[in-house]
Amino acid sequence: MYITDDLNQLLEILPEEIRLRLESHPQKNALIEVVLDLGRRPEARFPNQAEYLSETPISSGDLRYCIDRIGHFSGDNRAGIEKTLHRISAIRNRMGEVIGLTCRVGRAVYGTIGMIRDLVETGKSILMLGRPGVGKTTALREIARVLADELNKRVVIIDTSNEIAGDGDVPHPAIGRARRMQVARPELQHQVMIEAVENHMPEVIVIDEIGTELEAMAARTIAERGVQLVGTAHGNRIENLMKNPTLSDLVGGIQSVTLGDEEARRRGSQKSVLERKAPPTFDIAVEMLERHKWVVHENVSDTVDMLLRGRQPNPQLRTVDSAGNVSITREAPTPPNRSFANSEARAASPLSQGSLSSRESSRGGGGWRMSGQMTPLPSYTRNELGGPLPNEPLSLAPYQPAEGQNFDRLLNESFENPFSQDDLEPFADIPAAGPNGEDLPLHVYPYAVSRHMVDQIIRTMNLPIVLTKDVDSADTVLALRSHIKNHSKLRHMAKSRQLAIYTVKANNMPQIIRALQRMLRIDTRSQEEPVNLSLFSQSGDEDELEALEEARLAVEQIVIPKGQPVELLPRSAKVRKMQHELVEHYRLKSSSFGEEPNRRLRIYPA
């Protein structure tokens, strides 16, 4: 990383007394800006302090001396020095006369984007966020140079204030081979953005300070034409952008949606919720907290969706040390943000625990998945009423209205009083048939359970089951336990049609497999066939199957026969989740421990 700043050219426009003081200043190379206000002492600002440069107040002559040596002020009261990156901004009185100047040092910092070089090379659109002065424009300039010179892309810079490529008609060498389009007036920036795409066939458009709704709309138009966008916007965090009605479209926009009764009940939220309106204009967002500390949201749509549901995202935290070494960690989560969930629509309460429990995360917080542990399978006891088993069909005998109250009682007890495997022994030899003796295949109506996951299990295990979307044509119901409790209409329909209801505690593979096996009266303990690992693998690639095979061998050869705990090799979070589910299939407990990238599974005996 090296820096060029052309500082001497900026000092030459200052009055002699101020210039001499700065030329001999020990922190000259760290100078940020010089402030000259009429009737006040001149002030120099450095990263950690500010100090006066003279005891003599600034006069109108001093201001005129500076103005005569710089370019013309544009519509946004900014000017520059030709072939440099310095920016001089004016403060005017009501008569339009200049009464103050802010002379800001412009520096080209080569190598400053090492922290996100891998993201730049992906070809995805990137949005840089941060407070003024944190280095957004400097990073933007270097991104443009890398894309043009090192990745050989056609780059066009929309330079509204001549701040990226400097003042004058010849752009500063810091942008490399990238081309620069100047903007006559700031309010015309959105038109120049569209003109760049239509006339100059760019592969990348670079925009500094997207600040109006028209510019946000133009950015979306460009992104939808297949052009990579790299831009900046003021705002410390992505939450600030979501709350800004002018710029929220950059991250997809927000709209209020009214849910149906059943969907609101399934989500566990109110009927009016806030949701993302459209795909984000920018795929990646970078929050520049400090010059050497950036937070990266690799998938903006996922981040926005999580925030709207009151959940905290888990972005990357990237830092760079003095030697240029980049460190990538995960940002520690803060307490859940309810600002969107409790906004004007009082919307988007957190997702149900059932959906949270299907994820493994290295973040803190509650939930058995988030801690990296699987919940041990409950021990089951027989129904005290002497009636059918709770997780066995609930209406094996013809329904009698006089005993209708027992149906609800049995259903409620199925949520609370599971039964042991020993109690299932008398049923081990029952032939595989429908719960009420129906002919196979069995027609199953899934409710609040992943239909895709159930279908995958049926196809992989070749089960005689067909999924149906119509309760009237169903032989039985498979439902998520937490949802069926509150769905009195479905319970009543099942009762009137004499349908069996099977419940699962969580929406995961082992739970659904066991529920389907109970439907077909399959005794899993008598099967000696090896576990089908493809059921637990998401993509089926060699690394996933290797990790699952490692977990299977550990369970079958050490944990179960010898009763000893086993530690597996370090794996990614995605693969560890699959291993957790495979271990749960054996009715064992496991936990994740260690720090990334050495985080791994430990399997415990029963």
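**Notebook: loops, sheets and cysteines**

I began with Gln-498, which lies in the loop between helix 15 (488-496) and strand 23 (500-504). Its phi is near 55°, a positive value in a residue other than glycine. I looked up the accessibility of Gln-498 and got a relative accessible area of 33%, so the residue goes down as partly exposed. I note here that the model is predicted.

**Entry: a second positive phi**

I then turned to Asn-162, in the loop between strand 10 (155-159) and strand 11 (179-182). Phi of Asn-162 is near 55°, again in a residue that is not glycine. Is Asn-162 buried or exposed? I find Asn-162 buried, at 13% relative accessibility. The cut-off for buried is under 20%, which is why Asn-162 with its 13% falls in that class.

**Entry: overall counts**

I listed the elements of the protein and got 18 helices and 26 strands. The protein has 606 residues, and 50% of them count as buried. I also checked the contacts with a separation of 6 or more: residues 24 or more positions apart account for 63% of them.

**Entry: the six-stranded sheet**

I traced an open sheet of 6 strands, with antiparallel pairing. In what order do the strands stand? I read the order as 4-3-2-7-6-5. Strand 4 (50-52) and strand 5 (78-80) are at the edges; each has a single partner strand, so one side of each is left without a neighbour in the sheet. Ignoring direction, I have neighbouring strands turned by 20° against each other on average.

I next looked at one pair within this sheet. Strand 2 and strand 7 pair in the antiparallel sense over 5 bridges. Within that pair, Val-34 stands opposite Cys-103 in strand 7. Helix 3 packs on the sheet and touches both strand 2 and strand 7. I noted the angle too: the direction of helix 3 makes about 50° with that of strand 7.

**Entry: the buried side of helix 3**

Which residues of helix 3 (residues 60-67) are buried? I find Leu-63, Cys-66 and Ile-67. They cover an arc of only 100° around the axis, so they sit on the same side of helix 3. This fits the general rule: an α-helix has 3.6 residues a turn, so residues three or four places apart point the same way. I also looked up what covers these buried residues, and the cover includes strand 2 (33-37) and strand 7 (98-104).

**Entry: cysteines**

I searched the whole structure for disulfides and found 0. A disulfide is a covalent bond between the sulfur atoms of two cysteines. I took Cys-66 and Cys-103 as a case to check. Why is there no bond at Cys-66? The closest cysteine sulfur to that of Cys-66 is in Cys-103, and at 5.7 Å it is too far for a bond. The cut-off I used is 2.5 Å between sulfur atoms. From the side of Cys-103 I get the matching result, with Cys-66 holding the closest cysteine sulfur at 5.7 Å. I looked up accessibility for both: Cys-66 is buried at 1%, and Cys-103 is buried at 1%.

**Entry: the three-stranded sheet and its cis proline**

I traced another open sheet, of 3 strands in the order 24-26-25, with antiparallel pairing. Strand 24 (566-567) and strand 25 are the edge strands, and each pairs on one side only. Strand 25 and strand 26 pair in the antiparallel sense over 5 bridges. I looked up the bridge partner of Lys-589 and found Tyr-604, in strand 26. Helix 17 (residues 542-562) lies across strand 24 and strand 26, and runs at about 30° to strand 26.

The loop between strand 25 (589-593) and strand 26 (600-604) holds Pro-597. I checked the peptide bond from Glu-596 to Pro-597 and have it as cis, with omega near 5°.

**Entry: helix 16 against helix 18**

Last, I looked at helix 16 (residues 509-519) and helix 18 (residues 573-585), whose axes come within 8 Å and cross at roughly 35°. On the helix 16 side I listed Met-509, Pro-510, Gln-511, Ile-513 and Arg-514. They meet Glu-581, Glu-584 and His-585 in helix 18. I sorted the residues of this contact into 3 nonpolar, 2 polar and 3 charged.

Definitions and conventions:
Residues are numbered from 1 along each chain as its sequence is written. This is a predicted model: local features need pLDDT of at least 70, side-chain atom pairs count only at pLDDT 80 or more; totals for chains, interfaces and linings use all residues. Side-chain values use heavy atoms; hydrogens and water are left out. Axes are lines fitted to C-alpha atoms, for helices over the stretch in contact, and angles run from 0 to 180 degrees between N-to-C directions. Helices (H or I, at least four residues) and strands (E, at least two) are DSSP runs, numbered from the N terminus. Contact means heavy atoms within 4.5 Å. Ala, Val, Leu, Ile, Met, Phe, Trp, Tyr, Cys and Pro count as nonpolar, Asp, Glu, Lys and Arg as charged, and the others, Gly among them, as polar. Buried means under 20% relative accessible area, exposed over 50%, partly exposed in between (1.4 Å probe, protein chains only). The arc is that of the directions from the helix axis to the C-beta atoms. Two strands pair if DSSP finds at least two bridges between them.
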